[in-house]
Amino acid sequence: MSTALSDRSTVDSSPTSDPSEASGTSETSGVPGERNKHARRFGLPIATALVMGNIIGGGIFLLPASVAPYGTISLVAFGVLTLGAIALALVFGRLAHRHPQTGGPYVYARAAFGDFAGFLAAWSYWITAWVSNAALAVAAVGYLDVLVPVHESTAATIAATLTLQWLPALANLAGTRYVGAVQLVATVLKFVPLLLVAVGGLFFFDSANLGPFQAGDGGALGAVSASAAILLFSYLGVESAAVSAGEVRDPRRNVGRATVLGTLGAATIYLLGTVAVFGTVAHDRLVDSSAPFSDAVNAMFGGSWGGTAIACMALVSMLGALNGWTLLSAQTPYAAARDGLFPKVFARKRRGVPTVGVIVTVVLASLLTVYNYTVGTEGVFEILVLVTTFTATVPYLLSTAAQIYFLLSGHSERVDRGRLVRDGVLAAAAFGFSMWLVAGSGYAAVYQGVLFLFAGVLVYAWMSARKVRREASGEAADGASERVNPGLHA
């Protein structure tokens with residue numbers, strides 16, 4: 001194991017193992033060193049927007065009502081979760097500084113624990129991405145229905161959902177230049193109105209609306225844990241910049257900054273928005289609200305236009321999240337395919353984007369969406385979405401464990417001695433946060449998620465066997481060549 005790790009670290013500790021990433025060239029340009037005009041590295045602002053846009057999808061528009069039954073003590077759970085998410089963000093920043101390659105958790109897990117751990121990280125993250133994309137599109141159609149009624153017809157609903165999935169996919173296929181532009185615009189359009197509600201609501205804040213600090217009879221710890229179980233998954237996406245490190249300019253510097261800034265920005269939006277809604281909507285009404293931000297807008301300014309405004313905001317929010325997650329869904333398989341742990345076709349890039357990964361992901365999400373609407377089985381889609389809350393934490397656990405391994409194993413090329421204690425505390429906190437995420441998924445989600453992971457074991461066996469055969473045939477060919485011309489390899 002130590003020898004294998006040493007061999008991998010020689011390759012993986014380099015800035016990038018993909019020449020195209022290092023130079024910013026397109027694999028399909030045909031001209032060495034020619035930069036594709038459609039491929040562009042992400043700077044710090046767009047990388048930060050990617051993190052914020054992927055963390056905040058449409059859940060923020062329901063969160064205040066979801067945690068209101070537990071009382072304002074849920075804000076304590078928010079604070080604890082924010083600290084855990086920031087610890088995880090800092091760990092990803094440290095890992096990306098030493099392994100600034102596309103793939104994020106896959107790269108870190110493979111460097112520390114070998115091919116199998118790396119494959120599990122890639123496989124579970126990929127499942128999370130395409131199932132979550134299907135869920136986001138279905139939820140987005142719910143908001144679209146407020147603007148353009150589509151739910152009256154199953155065919156219209158399916159068409160609208162597929163359109164919302166394929167538009168971000170087409171933006172990705174156009175190149176990283178357009179992915180970044182869409183992400184930046186979507187983030188601005190999403191956060192400007194959210195900030196207006198969050199900050200504006202403070203001027204209409206009335207403490208009489210807050211209700212009890214702790215509602216129910218479960219005790220303070222029980223209330224914090226129960227509300228945390230709902231809020232736990234609000235921070236999924238902190239790894240976004242690390243996964244796309246190969247497309248970020250100066251990744252050793254910018255990935256960590258973008259991860260922390262994006263997480264802090266999302267946390268600020270979450271906390272300010274929740275506090276504003278708590279203070280503007282009466283507690284007894286908020287508990288039963290299906291559109292808490294709409295109710296807050298109506299309470300602040302009067303009228304009934306809040307529903308339409310919030311629907312527009314939610315739609316933009318989810319389209320931005322779909323745009324970012326579509327890119328991430330292709331990046332991890334791309335990194336694994338370069339190492340022979342995913343089918344080779346996933347390693348093809350065009351205009352800076354792993355095109356096959358994007359297409360396969362959106363096709364799978366589309367099939368899942370059509371299945372959900374046509375079969376109509378109660379709870380099938382909800383169960384699959386719940387599974388993603390577990391599969392998303394597997395790469396987190398492997399990444400934080402990798403950081404702990406690097407720290408304890410004493411690899412001088414990976415560990416900054418002056419920051420050893422700080423990095424160790426952060427890694428332990430991030431690991432605990434990831435375990436809390438797993439616990440919050442629930443027994444059913446963990447059970448179903450493990451089945452998904454075990455299905456991947458068969459895929460790994462197939463890909464690993466192919467890799468060994470190729471390496472063996474290559475060695476045999478080299479040996480035969482050396483026997484024919486002994487001086488060739490001298």
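User: Before we start, how are patches defined here?
Analyst: Patches are built from residues with over 30% relative accessible area and no salt bridge (side-chain nitrogen of Lys or Arg within 4 Å of a carboxyl oxygen of Asp or Glu). Like charges get joined within 9 Å, and nonpolar side chains (Val, Leu, Ile, Met, Phe, Trp, Tyr) within 5 Å. This is a predicted model, where local features need pLDDT of at least 70, side-chain atom pairs count only at pLDDT 80 or more, and totals for chains, interfaces and linings use all residues. Residues are numbered from 1 along each chain as its sequence is written, and side-chain values use heavy atoms, leaving out hydrogens and water.

User: Which helix gives the most to the nonpolar patch?
Analyst: The patch covers about 810 Å² (Shrake-Rupley, 1.4 Å probe, only the protein chains shown count as cover). Its members include L195, V199, F203 and W305. With 4 residues, the top giver is helix α9 (residues 176-203; helices are DSSP runs of H or I, at least four residues, numbered from the N terminus).

User: Is V199 buried or partly exposed?
Analyst: V199 sits in helix α9. Buried means under 20% relative accessible area, exposed over 50%, partly exposed in between (1.4 Å probe, protein chains only). At 36%, V199 is therefore partly exposed.

User: Which helix gives the largest share of the largest nonpolar core?
Analyst: That core (buried Ala, Val, Leu, Ile, Met, Phe, Trp, Tyr and Cys joined through side-chain atoms within 4.5 Å) has 114 residues. F61, Y235 and F342 have the most contacts (heavy atoms within 4.5 Å) inside it. The largest share, 19 residues, comes from helix α7.

Definitions and conventions: Helices (H or I, at least four residues) and strands (E, at least two) are DSSP runs, numbered from the N terminus.
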